[in-house]
Amino acid sequence: MQKFKILLFMITIFLIGGCGNTYVNEDVYRQDYDMWEYMTPQYSFDIEYAVYENGKRTDYFYETTKVFSPTEVQRQNGDEITALTRYDDEIRVEQPNGEIVEAQRFIKIGDANIFQSSTIHSCRADDYFRSIVIRGVEFYRVIKVSCQTDSGSSDIYYGYNEGIVSTYRNENGIITEIVKVDERQLQ
């Protein structure tokens with residue numbers, strides 16, 4: 001009888017533990033995410049990015065992200081400015097080359113065609129990470145967006161209240177990775 005009680009207790013613990021883990025994983029994929037909270041930071045920052053080509057670190061650059069209002073943010077890299085504007089159901093991204101990207105504002109992991117432009121064939125909210133280490137740097141609450149473009153494919157990693165924390169591009173057989181390595185909040 002004692003062995004039966006112990007066995008019953010072990011099965012109960014196993015089932016409760018298993019159900020708890022499954023629930024947590026499923027919740028990530030059922031939740032709605034506001035991409036504005038992932039594509040833009042809460043405050044203005046100077047950000048340093050490291051650049052890797054085919055696995056080797058080759059360069060770095062700085063980008064300034066300025067938050068002008070709760071609905072307007074600009075990313076500036078040298079003379080190039082990318083403007084992001086939040087609307088009720090979409091985010092408008094004006095690229096330095098004049099291209100306009102329209103992003104769905106509210107998404108679920110697994111949603112397809114979340115970014116629309118003349119050069120993007122498809123973008124999918126591919127995955128969510130509570131934490132992820134990319135090139136030795138750990139990021140938290142990250143959404144991975146996978147896209148097919150005219151010249152290849154790319155994965156963009158957006159951190160909650162950070163913006164882009166990493167990109168991975170495969171264009172014509174050349175793999176380029178860009179990873180956020182440092183940030184400094186602006187006054």
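V145 stands opposite I156 of strand β12, and this bridge offers a way into a predicted model whose strands can be followed one after another. The two strands concerned, β11 and β12, pair in the antiparallel sense over 8 bridges, and they form a hairpin with 2 residues between them. Strand β12, which spans residues 152–159, has 7 of its 8 residues buried, so this strand is largely enclosed by the rest of the structure.

On from β12, the chain enters another hairpin, in which 3 residues lie between β12 and β13 and N161 takes a positive phi near 55°. Here too the pairing is antiparallel, with 8 bridges between β12 and β13, and within this pairing D155 has Y168 of β13 as its bridge partner. Strand β12 is thus paired antiparallel with β11 and with β13.

Strand β11 also takes part in a covalent link. The sulfur atoms of C123 and C147 are 2.0 Å apart and form a disulfide, and the count for the model comes to 1 disulfide. Because C123 lies in strand β10 (residues 120–134) and C147 in strand β11 (residues 137–149), the bond ties together parts that are 24 residues apart in sequence. The torsion about its S-S bond is about 115°, so the disulfide is right-handed. As for the surroundings of the two cysteines, C123 is buried at a relative accessible area of 1%, and C147 likewise counts as buried, with 4% relative accessibility.

Turning to an earlier part of the chain, strand β5 (residues 80–86) contains A83, a residue that is buried, because its relative accessible area of 16% falls under the 20% cut-off. Strand β5 is joined to β6 by 4 bridges, the two strands running antiparallel, and a hairpin connects them through 3 residues. The bridge partner of A83 in β6 is E94, while the C-alpha atoms of A83 and V93, which are 10 residues apart along the chain, are separated by 5.7 Å. When residues up to four places away in sequence are left aside, A83 touches V73, Q74, R92, V93 and E94.

Strand β6 itself (residues 90–94) has two unlike faces, a covered one with I91 and V93 and an uncovered one with E90, R92 and E94. Beyond its pairing with β5, strand β6 is joined by 5 bridges to strand β7 (residues 100–104), again in the antiparallel sense, and I91, from the covered face of β6, stands opposite A103 in β7. The hairpin of β6 and β7 has 5 residues between the strands, and in this hairpin G98 takes a positive phi near 95°.

There remains the question of enclosed space: how many cavities of 30 Å³ or more does a search of the whole structure find? The search finds 1 such cavity, and the volume of the largest cavity is about 50 Å³. Its lining consists of M39, T40, P41, I47, Y49, E63, T65, V73, R75, E162, G163 and I164, and the elements that give two or more residues to this lining are β2 (45–53), β3 (56–69), β4 (72–77) and β13 (163–171). By residue class the lining divides into 6 nonpolar, 3 polar and 3 charged residues. Two regions described above can be traced to this cavity, since V73, one of the lining residues, is also among the residues touched by A83, and β13, one of the contributing elements, is the strand that pairs with β12.

How values were computed:
Residues numbered from 1 in each chain as written. Predicted model: local features only at pLDDT ≥ 70, side-chain atom pairs only at ≥ 80, totals over all residues. Heavy atoms only, no water. Disulfide = S-S within 2.5 Å. Buried < 20%, exposed > 50% of the residue type's maximum accessible area, 1.4 Å probe, protein only. Contact = heavy atoms within 4.5 Å. 1 Å grid on protein atoms, 1.4 Å probe; cavity = no way out; pocket = protein on both sides within 12 Å on 5 of 7 lines; lining within 4 Å. Points joined across faces, edges and corners; volume = space filled by probe spheres on them. Nonpolar A, V, L, I, M, F, W, Y, C, P; charged D, E, K, R; others polar. Pairing = 2+ DSSP bridges.
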